[in-house]
Amino acid sequence: MKPYTYLIRHKPTNRVYYGVRAANRVNPKQDLWHHYFTSSAKVQQLIEDTGRDSFEVEIRRVFETKEQAVSWETRVLRRCRVLHDDRWINQNVAGYIVPTEESRKKISEYHKGRAKS
């Protein structure tokens, strides 16, 4: 089936997530929020906490190739500056992950006492 991008909004918090799906085996309308609920751990936690009905879900654009879809998602996420706006649930753009305070501490602990090259 065709890859697509989507936008979901968590109604209680008004936070949003923009994503891409390219591994679907059914059409986007049958896939999103029926079989696929994003790869985001934060979205999964919100679903657990408040249920699937607490989201508005929208397929934004359908593409011919995975590359087109991924490229478009990256452009949208960069243009919206999702890594610098707390309204966005997204944690990375094209693989760049924003480190949390907890992850910074883990990295620091890992490197303590190790020789530096």
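# Q&A on a predicted α/β chain

From the N terminus on, this chain runs β-β-α-α-β-α-β-β-α. The model is predicted.

User: How many helices and strands does the chain have in its secondary structure?
Analyst: You can read it off the order of elements, β-β-α-α-β-α-β-β-α from the N terminus on. The tally for the chain is four helices and five strands.

User: What share of the contacts in the chain with a separation of 6 or more comes from residues 24 or more positions apart?
Analyst: Some background on the chain first: there are 117 residues, and buried ones make up 33% of them. The C-alpha trace spans about 50 × 35 × 25 Å along its principal axes. As for contacts with a separation of 6 or more, the share from residues 24 or more positions apart is 58%.

User: How much of the accessible surface of the chain belongs to carbon and sulfur atoms?
Analyst: Start from the total, which comes to about 8200 Å² for the chain. The part that belongs to carbon and sulfur atoms is 48%.

User: Is Y17 buried or exposed?
Analyst: Y17 lies in strand β2. Its contacts beyond four places in sequence include Y6, L7, V43 and W88. The relative accessible area of Y17 is 10%, and the cut-off for buried is under 20%, so Y17 counts as buried.

User: How far is the C-alpha atom of Y17 from that of I107?
Analyst: Along the chain, Y17 and I107 are 90 residues apart. In space, their C-alpha atoms are separated by 27 Å.

User: Which residues do ring pairs link into a cluster with Y17?
Analyst: Searching the whole structure turns up five aromatic pairs. In one of them, the rings of Y4 and Y6 have centres 6.1 Å apart and planes at 55°, so that pair is tilted. Both Y4 and Y6 are buried. The cluster linked by ring pairs joins Y17 with Y4, Y6 and Y36.

User: How far from the ring centre of W72 does R79 lie?
Analyst: W72 has R61 to deal with as well: the charged end of R61 sits over the ring, 4.2 Å from its centre. R79 lies over the face of W72 too, and its distance from the ring centre is 5.6 Å.

User: What is the nearest side chain of opposite charge to E73?
Analyst: E73 has its place in helix α3, residues 66–79. Leaving out residues up to four places away in sequence, E73 touches T5, Y18, G19 and V20. E73 is buried yet has no salt bridge. The nearest side chain of opposite charge is 10 Å away, and a salt bridge needs the charged atoms within 4 Å; that side chain is R78.

User: What is the phi of N14?
Analyst: Most residues other than glycine have a negative phi. N14 sits in the loop between β1 (4–10) and β2 (15–21), and N14 is partly exposed at 36% relative accessible area. N14 is not a glycine, yet its phi is positive, at about 65°.

User: W33 has a positive phi too; is W33 buried or exposed?
Analyst: The phi of W33 is about 70°, although W33 is not a glycine. You'll find W33 in the loop between α1 (28–31) and α2 (41–50). Its relative accessibility is 12%, so W33 counts as buried.

Key:
Residues are numbered from 1 along each chain as its sequence is written. This is a predicted model: local features need pLDDT of at least 70, side-chain atom pairs count only at pLDDT 80 or more; totals for chains, interfaces and linings use all residues. Side-chain values use heavy atoms; hydrogens and water are left out. Helices (H or I, at least four residues) and strands (E, at least two) are DSSP runs, numbered from the N terminus. Buried means under 20% relative accessible area, exposed over 50%, partly exposed in between (1.4 Å probe, protein chains only). Lys and Arg count as positive and Asp and Glu as negative; His and the chain ends are not counted. Contact means heavy atoms within 4.5 Å. Rings of Phe, Tyr and Trp (its six-membered ring) pair if their centres lie within 6.5 Å; planes under 30 degrees apart count as stacked, over 60 as edge-to-face and the rest as tilted. A charge sits over a ring if NZ of Lys or CZ of Arg is within 6 Å of the ring centre and within 35 degrees of the ring normal. Accessible areas come from the Shrake-Rupley method with a 1.4 Å probe; for residues, only the protein chains shown count as cover.
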